[in-house]
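Colleague: Could you walk me through this one while I have it open? I'd like to start with the charged side chains and then move on to the strands.

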Amino acid sequence: MLPECQLFGTLGCHLCEVAEAEIMPLVEHGLLVELVDIADPDDLTEAYGLRIPVLRRVDTGAELDWPFDSQQVVAFLR
């Protein structure tokens with residue numbers, strides 16, 4: 001079973017859109033991904049403002065910073 005994830009990003013972020021497109025095939029195969037906008041609250045902006053997009057596993061808290069491709073995401077989820 002695939003772990004639940006969060007994708008930290010914000011509206012208007014081109015790299016965030018590219019990251020979403022990269023993980024979409026995995027979502028179509030059952031990966032649950034919550035899109036989290038870092039613009040609110042402020043603590044997320046501080047933590048992720050210079051790093052987005054970031055994929056985070058909910059179960060372990062492990063984070064995968066951009067750039068990543070689908071193969072790296074699969075390895076990250078194992």
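Colleague: Is Arg51 buried, exposed or partly exposed?

Modeller: Bearing in mind that this is a predicted model, Arg51 is partly exposed, because its relative accessible area is 29%, which falls between the 20% limit for buried and the 50% limit for exposed.

Colleague: And which residues does Arg51 form salt bridges with?

Modeller: Arg51 forms a salt bridge with Glu63, where the closest N and O atoms are 2.7 Å apart, and the side chain of Asp65 also meets Arg51 in a salt bridge, at 2.7 Å from N to O. Asp65 lies in strand E4 and Arg51 in the loop between H2 and E3, so this pair ties together parts that are 14 residues apart in sequence.

Colleague: What about the two acids, how exposed are Glu63 and Asp65?

Modeller: Glu63 is partly exposed, with a relative accessible area of 30%, and Asp65 counts as partly exposed at 33%.

Colleague: How many salt bridges are there in total?

Modeller: The count comes to three, and the one I have not yet mentioned joins Asp59 to Arg57, with the closest N and O atoms 2.7 Å apart. Shared partners, on the other hand, join Arg51, Glu63 and Asp65 into one network.

Colleague: Back to Arg57 and Asp59 for a second: buried or exposed, or somewhere in between?

Modeller: Arg57 counts as buried, because its relative accessibility is 9%, whereas Asp59 counts as partly exposed at 49%.

Colleague: OK, strands now. Which strands does E3 pair with?

Modeller: Strand E3, residues 54–57, is joined by four bridges to strand E1, residues 5–9, and the two run antiparallel. Three bridges join E3 to strand E4, residues 63–65, and that pair is antiparallel as well.

Colleague: Which residues stand opposite Leu55?

Modeller: Leu7 stands opposite Leu55, while in E4 the bridge partner of Leu55 is Leu64.

Colleague: And what links E3 to E4?

Modeller: E3 and E4 form a hairpin with five residues between them, and Gly61 in the turn has a positive phi of about 80°.

Colleague: Last topic: which residues form the negative surface patch?

Modeller: The patch is formed by Asp37, Asp40, Asp42, Asp43 and Glu46, and helix H2, residues 42–48, contributes the largest share of it, with three residues.

Colleague: Where does Asp40 sit, and is it buried or exposed?

Modeller: Asp40 is found in the loop between strand E2, residues 33–37, and H2, and Asp40 counts as exposed because its relative accessibility is 63%.

Technical notes. Residues are numbered from 1 along each chain as its sequence is written. This is a predicted model: local features need pLDDT of at least 70, side-chain atom pairs count only at pLDDT 80 or more; totals for chains, interfaces and linings use all residues. Side-chain values use heavy atoms; hydrogens and water are left out. Two strands pair if DSSP finds at least two bridges between them. Patches are made of residues with over 30% relative accessible area and no salt bridge: like charges are joined within 9 Å, nonpolar side chains (Val, Leu, Ile, Met, Phe, Trp, Tyr) within 5 Å. Accessible areas come from the Shrake-Rupley method with a 1.4 Å probe; for residues, only the protein chains shown count as cover. A salt bridge is a side-chain nitrogen of Lys or Arg within 4 Å of a carboxyl oxygen of Asp or Glu. Lys and Arg count as positive and Asp and Glu as negative; His and the chain ends are not counted. The place of a charge is taken as NZ of Lys, CZ of Arg, CG of Asp or CD of Glu. Buried means under 20% relative accessible area, exposed over 50%, partly exposed in between (1.4 Å probe, protein chains only).
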